[in-house]
Every structure is written in C-alpha cells, then in structure tokens.
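Hi,

Here is the structure I said I'd send over. Have a look at it first, and then read on for what turned up when I went through it.

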Amino acid sequence: MKKILVSSLGAMLLFQVAVAQQGQQKVVADKIVAKVGDKIVLKSDIESALVDMQQQALEGQPLPPNASCSAIEQIIAQKILVLQAERDSLPISEADVDGRIESQIRWAEQRYGSREKMTEVTGYTIYQLRERFRDAIKESMLAKAMRDKVVNAVKVTPTEVKTSFEKIPADSLPFYESELEIGQLMILPKASREMDKYAIDRLLDFKSKVEKKEGEFSTYASLYSEDPGVKENGGTYTLNRNDKNWDPDFLAASFRLKEGDMSSPVKSQFGYHLIKMIKRAGDNVVVQHILIKPNIVTADITAAMNKLDTVRANIISGKMSFGEAVVKYSDEPMAKFNGGMLQNPQTGSTYITVDQLNDPSTKDIVMMLDSLKPGGVSKPMLFDDEQGRKGIRLVYLKTRTQPHRENLKDDYSRIQQRTLQEKQVVALNKWLMDKIPTFYVHVEPEYTECANVSKWTAGAVAQK
C-alpha cells in the first residue's frame with residue numbers, strides 16, 4: 001500500500017512498463033483475476049506491475065516479500081480510488097490527460113533515442129500509444145486526485161516526528177552520503193538582428209524555391225534543417241493541439257495552416273521555423289519543418305556574460321535572492337516553478353549526490369563544487385544545454401551535508417516526511433476499509449490469501 005500512497009503513479013507507469021515488455025518481446029496469457037465495481041483487473045495488469053517493481057529493484061528499491069500480492073493490492077486500491085473519484089466527480093480534463101500522454105511518449109522517445117526507434121522496438125505507432133494507454137493514464141490521474149483528497153489533511157506534530165525517529169534502533173539508522181542542494185540560473189545568449197535576419201532570409205529563400213517548384217520541401221529539410229531529429233524523421237512531426245510539451249509559438253503557427261500551406265518564418269525558443277502542413281485530423285496535425293538557428297557570435301556571449309556578472313553582484317550584495325533572480329532572468333522553462341533548483345531524479349527532492357550530476361548538461365557543475373561554499377554563487381559559466389544550445393549560467397550551492405548517520409538535527413525534514421507518509425498510509429488504509437464494502441469486489445482464489453485482500457474482503461463480509 002505504501003507505494004500507491006506515496007506517488008499514486010502505479011497505473012501511470014503502465015505506459016512505461018508496456019514499452020519495456022514490448023522491448024523484451026514478452027507475451028502474457030490474459031484472464032480476469034478481479035472485479036472492482038464495473039472495472040476489471042487482468043492477469044497482464046499484475047504482470048505489468050511486477051515488471052515495474054523489478055525495474056525499481058534494479059534502481060535500488062527492494063522487491064516486496066510477496067510481489068504478486070503487493071501488485072494486486074495496489075491495483076485494487078487504485079480502482080477503489082478511481083470509482084470514488086468518479087462518484088465525487090473530481091475534475092480531470094481531457095486536455096490534462098492528453099498532456100500527460102504526450103509527456104509519457106516523450107519519456108519513451110528519450111529512452112530509445114528517437115520516435116522511429118521507439119515505434120520499431122515497441123511495435124506501437126504514436127497513435128496506438130495514445131489510444132492504448134488513455135484509459136490507464138486517466139484512471140491514474142483520478143486515483144491521484146482522490147488519494148490527495150484523502151490524505152492532504154493529514155499532518156504530523158514535532159512530537160510525532162521525534163517518537164517515530166526514536167523507534168528506530170541506533171544501529172539501524174540510515175547512513176547518508178554527502179548531499180547538496182544546487183540551483184542554476186541559465187540564460188541563452190541572444191543573436192544579433194543581423195543574424196536573425198540572415199536566418200529569416202534563408203527560410204524565405206527555401207519557401208520561394210518550393211513555391212516555384214525549384215526544389216522539394218523535404219529535400220531542404222534533410223539538407224539544411226538544424227533540428228537534431230531531422231536525420232530520423234525528415235523534420236516531420238505529429239502534433240496535438242493540447243500538448244503542452246511543444247513550443248507554444250511553433251504549435252500555434254502549425255495549427256493556423258491549411259493542408260499544403262507553408263508558413264512565413266516563425267520564431268520559437270529554438271530559432272526560426274518554416275512549417276508545412278501535411279495533414280489535419282481534428283486536434284491532431286502532421287507537419288514538416290525546417291529549423292534555422294541564428295548564429296551566436298562572441299559578442300553575444302560576452303553580452304550574456306556581462307549580464308550575469310551584474311546579476312551575481314546583486315545576489316552577493318543582498319539586493320535580491322537567488323530565487324528572485326531566477327524568476328526575473330532565467331530562460332529555463334521550469335525555473336519559475338522550481339526556483340532553479342536541480343531535482344533528485346529518484347526522489348524528486350532538491351537533495352542530490354555528486355554522482356547524480358551525470359547528465360551532459362550538468363556534469364561540468366561537479367568541477368565547480370570544490371570552490372563553492374554553502375550560500376556561494378559561481379561566476380558565469382558557458383555550457384551546452386540538452387538541445388545543444390550555448391548557454392551561460394550561475395551555479396548556486398545552497399547547502400552541503402557531510403556523510404553522516406541520520407539524526408534529528410540534520411535530517412528533521414526527511415524524518416518528518418517519512419513520518420507523514422507513514423501516517424498517511426494508516427489514513428488511506430482506514431479510508432479503504434470504510435469504502436471497499438460500498439463497492440462490489442471479487443478476487444480469484446489465487447489472490448484471496450494476500451494480507452490486504454483478505455482483510456478488505458473480510459471487512460466487506462462483516463458489513464454485509
């Protein structure tokens with residue numbers, strides 16, 4: 001139950017699990033193993049959850065003692081959460097679902113390196129992925145909304161935190177490596193007007209030649225587009241009107257076109273685009289584009305360096321905090337939401353270890369850490385971001401812990417969070433015991449001996 005309570009992402013991982021299963025060419029003989037209200041649980045659902053658990057085990061999270069029982073308990077609990085969310089009419093929009101689907105597709109693309117490779121390995125087209133996992137992802141979002149409604153009112157007191165900590169034997173307390181909280185303020189040097197004009201003129205020249213039938217759009221895309229994906233897809237993409245992962249200016253310009261039309265040069269965060277509409281189908285379109293990035297010259301980089309030098313001086317002098325500077329100046333899309341702080345990929349917290357700075361866009365930060373003290377801000381540094389663009393950033397070392405055994409002084413927030421999660425588990429289990437008898441639940445005999453299943457079904461029988 002703890003896994004569902006902590007993240008409510010079990011079914012959202014079905015997409016990822018199914019991709020993994022396809023990659024392993026795994027075939028599962030299916031049958032119904034449980035019914036919860038009007039929803040069914042399939043044997044393949046259990047197998048998918050087990051694949052997920054095995055993947056997490058490879059990442060350091062131990063497998064439950066009885067993984068099959070844990071899997072079906074999580075799934076039944078989620079179905080109850082979904083059913084109650086539907087009863088309560090909790091708001092989950094189709095646009096939210098579409099956005100989450102596209103996010104999962106992006107995850108899979110990154111895993112396999114390209115959309116084409118993903119399709120080849122999984123055997124699913126993008127359209128099939130969207131349709132196949134829509135219901136599962138919508139259910140997972142409903143379950144999370146219901147779970148949040150149940151547990152968000154749960155709080156813990158300092159006394160409860162201290163009591164929880166003191167229950168753990170001293171020799172069993174976790175040992176933590178040195179952890180850091182690191183922020184970055186990133187800006188992208190702006191090209192000069194002359195370089196902007198040169199990029200625009202090149203695209204206008206391509207457009208003119210295509211219109212005069214002096215060349216094919218796809219040929220110019222393959223030869224001249226600076227989109228990294230052009231080698232795999234020729235610059236062709238399927239877009240959904242509600243997908244928040246695309247640049248909004250690029251997306252809006254694409255949907256303004258009619259089939260066969262070409263746009264004028266369109267500016268996005270990546271450069272300038274010439275877009276051709278291939279096909280429209282409701283909220284989905286297929287477009288092809290040519291991307292030209294205005295050249296960034298030494299003078300542009302120098303101007304960006306000088307700008308961040310001034311920002312750094314203002315932070316050091318106390319005229320603004322690092323977080324305020326991030327909100328005001330950063331070109332990173334998520335900076336306004338995370339304050340520029342790097343996230344731990346495993347826990348989602350701001351505490352990370354040095355070995356987690358292994359992404360190509362962050363690994364050079366490691367070289368700067370020895371010269372920074374907690375609260376310190378680096379000088380501006382040139383780097384290449386995930387899209388291969390030249391960027392300038394300030395690095396902020398907020399905190400640095402020494403390797404240590406867990407204690408209340410250094411790890412209070414961590415212990416508090418663990419105590420809260422444990423209390424939320426109790427609250428959610430109590431809620432399930434109260435709610436399950438109000439729904440029809442049938443479980444096949446092979447799973448009736450599972451601890452929570454047995455307890456829930458016993459409670460249902462007792463209330464009848």
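What covers the buried residues of H12? Strands do part of that job: the cover includes strand E5 (236–240), strand E6 (266–268), strand E7 (271–281) and strand E8 (284–292). The helix itself runs over residues 248–255, and its buried residues are Phe 250, Leu 251, Ala 253, Ser 254 and Phe 255. There's also a nice detail at the start of H12, where a side-chain oxygen of Asp 247 comes to within 3.0 Å of the backbone nitrogen of Asp 249.

Before you go further, keep in mind that this is a predicted model.

The overall picture

The protein has 464 residues, and 46% of them are buried. Its secondary structure adds up to 18 helices and 13 strands. Along the principal axes, the C-alpha atoms fill a box of roughly 80 × 55 × 40 Å. If you take the contacts between residues at least 6 apart in sequence, 67% of them join residues at least 24 apart.

Two helix pairs

I picked out two pairs of helices for you. Packed helices like these are described by the angle between their axes and the distance between the axes.

The first pair is H4 (residues 67–87) with H17 (residues 408–435): their axes are 11 Å apart, and the packing angle is about 70°. That angle makes H4 roughly perpendicular to H17. The crossing of H4 and H17 is left-handed. On the H4 side the contact is made by Ala 77, Ile 80, Leu 81 and Gln 84, and H17 brings Leu 428, Trp 431, Leu 432 and Lys 435. Sorted by type, the residues of this H4–H17 contact come out as six nonpolar, one polar and one charged.

The second pair is H9 and H10, whose axes come within 9 Å and cross at roughly 150°. So H9 is roughly antiparallel to H10. The crossing of H9 and H10 is right-handed. Here Arg 202, Phe 206, Lys 209 and Val 210 of H9 meet Phe 217, Tyr 220 and Tyr 224 of H10. The residues of the H9–H10 contact divide into five nonpolar, no polar and two charged.

A buried asparagine

Have a look at Asn 344 too, which sits in the loop between helix H15 (335–338) and helix H16 (366–369). Is Asn 344 buried or exposed? Its relative accessible area is 8%, so Asn 344 counts as buried. What does its side chain reach? A polar atom of the Asn 344 side chain lies 2.9 Å from the backbone oxygen of Tyr 351, and a polar contact of 3.3 Å joins the side chains of Asn 344 and Gln 356. Setting aside neighbours within four places in sequence, Asn 344 is in contact with Ser 349, Tyr 351, Ile 352 and Gln 356.

Two positive phi values

Lastly, a couple of backbone oddities to click on. Ser 89 isn't a glycine, yet its phi is positive, near 55°. You'll find Ser 89 in the loop between H4 and helix H5 (94–112). With a relative accessible area of 58%, Ser 89 is exposed.

Lys 213 isn't a glycine either, and its phi is positive at about 60°. This lysine, Lys 213, is in the loop between helix H9 (193–211) and helix H10 (217–224). Lys 213 is exposed, with a relative accessible area of 74%.

Cheers

Note on methods: Residues numbered from 1 in each chain as written. Heavy atoms only, no water. Axes fitted to C-alpha atoms, helices over the stretch in contact; angles between N-to-C directions. Helix = DSSP H or I, 4+ residues; strand = E, 2+ residues; numbered from the N terminus. Parallel < 35°, antiparallel > 145°, perpendicular 65-115°, else oblique. Left-handed = near helix turned anticlockwise from the far one by under 90°. Contact = heavy atoms within 4.5 Å. Nonpolar A, V, L, I, M, F, W, Y, C, P; charged D, E, K, R; others polar. Buried < 20%, exposed > 50% of the residue type's maximum accessible area, 1.4 Å probe, protein only. Polar contact = N/O pair within 3.5 Å; in protein donor to acceptor, adjacent residues only side chain to side chain.
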